[in-house]
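This report describes one protein chain through its aromatic contacts, its strands and a few backbone features. Please keep the sequence and the model at hand while reading.

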Amino acid sequence: MATARLLLVCLCHTTCQEAAPPPPPYCGSVRTAIEAHNIIGWKTFTADCAKYLADYLTGDRYPRDADVVINEAIAYAESLKLSGSGKEIWVFDVDETALSTLPYQANHGYGAPALQGTLRLYQRLLQLGVKPVFLTDRTEDQRTVTTNNLLSQGYCSWEKLLFQPVGLQTTTQAFKTDERQKLVDAGYVIVGNIGDQWTDILGSPEGCRTFKYPNPMYYVA
């Protein structure tokens, strides 16, 4: 929790100079290892790297890193030869993939805006004829607020919006793997899968190709 508090302080101050000392030089290497899934089982970034993380998330590096992922995903989608059956789908996570909770974490006061790169991918998929499916570990009782948030940020015409049942006792990876299997059993072909957590994209059937959206803020098991 100390890391989260420091990060919130840094996000709410443009310089963060009074909130935390300069970050140690290894923070960038730690972030790289986290994104590569070489460090697992962590909860939040270490407290001494809070300023580094705030600078990364609010600077130009985070959107550049995200654009690399999105541009590759779009190039892959444009290379697909669809069957014409209308059964090709692309699975999207919600938090920190389709929507950013960063403003909420900084201000604790308003809904999550769209991550523009992901919205760009989403809109291109619709143009290509690939149907988006949202698969989130948000619970079913958040359907209305999530639906309204997605619509208000430009997401529309999705094939399905799948939530975790309230009270379900399982891991995020197990839940999402099971839901993807249900989609395959229903005749869908998962041509793509994008999420900010490895638990979003691991577990068969993960899809024909997966894309890891950058998120060094937290880890979901």
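Tyr-122 has a relative accessibility of 0% in this predicted model, and because the limit for a buried residue is under 20%, Tyr-122 counts as buried. Phe-134 likewise has 0% relative accessibility and counts as buried. How are the rings of Phe-134 and Tyr-155 arranged? Their centres lie 5.7 Å apart and their planes stand at 85 degrees, so the pair is edge-to-face. This pair links distant parts of the chain, since Phe-134 belongs to strand β2 whereas Tyr-155 sits in the loop between α7 (143-152) and β3 (160-164), 21 residues apart. Tyr-155, too, is buried, at 0% relative accessibility.

By the ring-centre rule, the count comes to 13 aromatic pairs. One of them joins Tyr-122 and Phe-134, which are stacked, with 5.6 Å from centre to centre and 15 degrees between the planes. Tyr-122 lies in helix α6 (residues 116-128) and Phe-134 in strand β2 (residues 131-139), so this pair ties together parts that are twelve residues apart in sequence. Together with Phe-92 and Trp-158, the residues Tyr-122, Phe-134 and Tyr-155 form one aromatic cluster. A ring is also involved in a contact with a charge, for the charged end of Lys-87 sits over the ring of Tyr-188, 4.0 Å from its centre.

The strand that carries Phe-134 also takes part in a pairing: β2 and β3 run in the parallel sense and pair over four bridges. Within this pairing, Thr-139 stands opposite Gln-164 in β3. Together with α7, the strands β2 and β3 make a right-handed β-α-β unit. Is β3 enclosed or open to the outside? Four of its five residues are buried, so β3 is largely enclosed by the rest of the structure.

For the chain as a whole, there are nine helices and five strands, which follow one another from the N terminus in the order α-α-α-α-β-α-α-β-α-β-α-β-α-β. Of its 221 residues, 46% count as buried, and the accessible surface comes to about 10600 Å², of which 55% belongs to carbon and sulfur atoms. Among contacts with a separation of 6 or more, 69% are made by residues 24 or more positions apart. An example of distant positions brought together is given by Phe-45 and Met-217, which are 172 residues apart along the chain while their C-alpha atoms are separated by 6.3 Å. Phe-45 is placed in the loop between α2 (27-35) and α3 (50-58), and with a relative accessible area of 2% it is buried.

Some backbone features in loops also deserve attention. The peptide bond from Ser-204 to Pro-205 is cis, with omega near 5 degrees, and Pro-205 is found in the loop between α9 (198-201) and β5 (210-212). Positive phi values in residues other than glycine occur at His-37 and at Glu-96, and the table sets out both.

| Residue | Phi | Loop | Relative accessibility |
|---|---|---|---|
| His-37 | near 65 degrees | between α2 and α3 | 25%, partly exposed |
| Glu-96 | near 65 degrees | between β1 (88-92) and α5 (102-107) | 1%, buried |

Thus, although His-37 and Glu-96 each have phi near 65 degrees, His-37 counts as partly exposed, whereas Glu-96 counts as buried.

How values were computed. Residues are numbered from 1 along each chain as its sequence is written. This is a predicted model: local features need pLDDT of at least 70, side-chain atom pairs count only at pLDDT 80 or more; totals for chains, interfaces and linings use all residues. Side-chain values use heavy atoms; hydrogens and water are left out. Helices (H or I, at least four residues) and strands (E, at least two) are DSSP runs, numbered from the N terminus. Buried means under 20% relative accessible area, exposed over 50%, partly exposed in between (1.4 Å probe, protein chains only). Contact means heavy atoms within 4.5 Å. Accessible areas come from the Shrake-Rupley method with a 1.4 Å probe; for residues, only the protein chains shown count as cover. Rings of Phe, Tyr and Trp (its six-membered ring) pair if their centres lie within 6.5 Å; planes under 30 degrees apart count as stacked, over 60 as edge-to-face and the rest as tilted. A charge sits over a ring if NZ of Lys or CZ of Arg is within 6 Å of the ring centre and within 35 degrees of the ring normal. Two strands pair if DSSP finds at least two bridges between them. A crossover is right-handed if, with the strands pointing away from the viewer, the path from the first strand over the helix to the second runs clockwise.
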